[in-house]
Amino acid sequence: MQYLMMDIHQRFIGTLNQAKLAVGDVLEAGNAKTYTVVSINPSRNMDKNTKSVTVIPKHAALRSK
């Protein structure tokens, strides 16, 4: 499945082809940065093979305490 990666301000980061994603998964994007998935959003159009995911940089996830 193809995912559109968005930051928390809903700005496009890139695309990702992944079999399955879940909230909390850590992934490396094509820009060599590591992100944590914070939400998986339903498709905005009729294409069920593309969803968007909201991600935050991994270093930001570590500072949540």
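Guide: Before we dig in, one bit of vocabulary: two strands count as paired if DSSP finds at least two bridges between them. Also, this is a predicted model.

Visitor: Fine. With that in mind, how many bridges join S1 to S5, and are they parallel or antiparallel?

Guide: There are 5 bridges between S1 and S5, and the two strands run parallel. One pair to click on is Gln-2, whose bridge partner in S5 is Thr-50.

Visitor: And what about S4 and S5, parallel or antiparallel?

Guide: Antiparallel, over 6 bridges. Thr-36 is a handy place to look, as its bridge partner in S5 is Ile-56.

Visitor: Is S5 mostly covered or mostly open?

Guide: Mostly covered, with 6 of its 8 residues buried.

Visitor: Back to Thr-50, then. Why does it count as buried?

Guide: Thr-50 counts as buried because its relative accessibility is 16%, and the cut-off for buried is under 20%. Leaving out residues up to four places away in sequence, Thr-50 touches Gln-2, Leu-4 and Ser-43.

Visitor: Let me zoom out. What's the order of elements from the N terminus?

Guide: β-β-β-β-β-α, so to speak a chain of 5 strands and 1 helix.

Visitor: How much of the chain is buried?

Guide: Buried residues are 29% of the 65 in the chain. The accessible surface is about 4600 Å², and carbon and sulfur atoms own 53% of that.

Visitor: What about long-range contacts, what share join residues at least 24 apart?

Guide: 29%, taken among contacts between residues at least 6 apart in sequence.

Visitor: Which residues make up the largest nonpolar core?

Guide: It has 10 residues: Tyr-3, Met-5, Leu-16, Leu-21, Leu-27, Ala-29, Tyr-35, Val-37, Val-53 and Val-55. The elements giving two or more residues to this core are S1, strand S4 (34-41) and strand S5 (50-57). As background, nonpolar side chains tend to be buried together in soluble globular proteins.

Visitor: Pick Tyr-35. What does it touch?

Guide: Not counting residues up to four places away in sequence, Tyr-35 touches Met-5, Ile-13, Asp-25, Val-26, Leu-27, Ala-29, Val-55, Ile-56, Pro-57 and Lys-58.

Visitor: Switching to charges. How many salt bridges does the structure hold?

Guide: Just 1. Asp-7 pairs with Arg-11, and their closest N and O atoms are 2.8 Å apart.

Visitor: Is Asp-7 buried or exposed?

Guide: Buried, because its relative accessibility is 15%.

Visitor: Any backbone oddities? What's going on with phi at Gln-10?

Guide: Gln-10 has a positive phi of about 60°, although it is not a glycine. Most residues other than glycine have a negative phi.

Visitor: Where is Gln-10 found?

Guide: In the loop between strand S1 (2-6) and strand S2 (12-17). Gln-10 is partly exposed, with a relative accessible area of 35%.

Visitor: Last one, Ala-19. Where does it lie, and is it buried or exposed?

Guide: Ala-19 lies in the loop between S2 and strand S3 (26-28). It counts as exposed because its relative accessible area is 75%.

Visitor: And how far is its C-alpha from that of Met-1?

Guide: The two C-alpha atoms are separated by 5.6 Å, although Ala-19 and Met-1 are 18 residues apart along the chain.

Conventions: Residues numbered from 1 in each chain as written. Predicted model: local features only at pLDDT ≥ 70, side-chain atom pairs only at ≥ 80, totals over all residues. Heavy atoms only, no water. Salt bridge = Lys/Arg side-chain N within 4 Å of Asp/Glu carboxyl O. Buried < 20%, exposed > 50% of the residue type's maximum accessible area, 1.4 Å probe, protein only. Helix = DSSP H or I, 4+ residues; strand = E, 2+ residues; numbered from the N terminus. Contact = heavy atoms within 4.5 Å. Areas by Shrake-Rupley, 256 points an atom, 1.4 Å probe, with all protein chains shown as cover. Core = buried A, V, L, I, M, F, W, Y, C linked by side-chain atoms within 4.5 Å.
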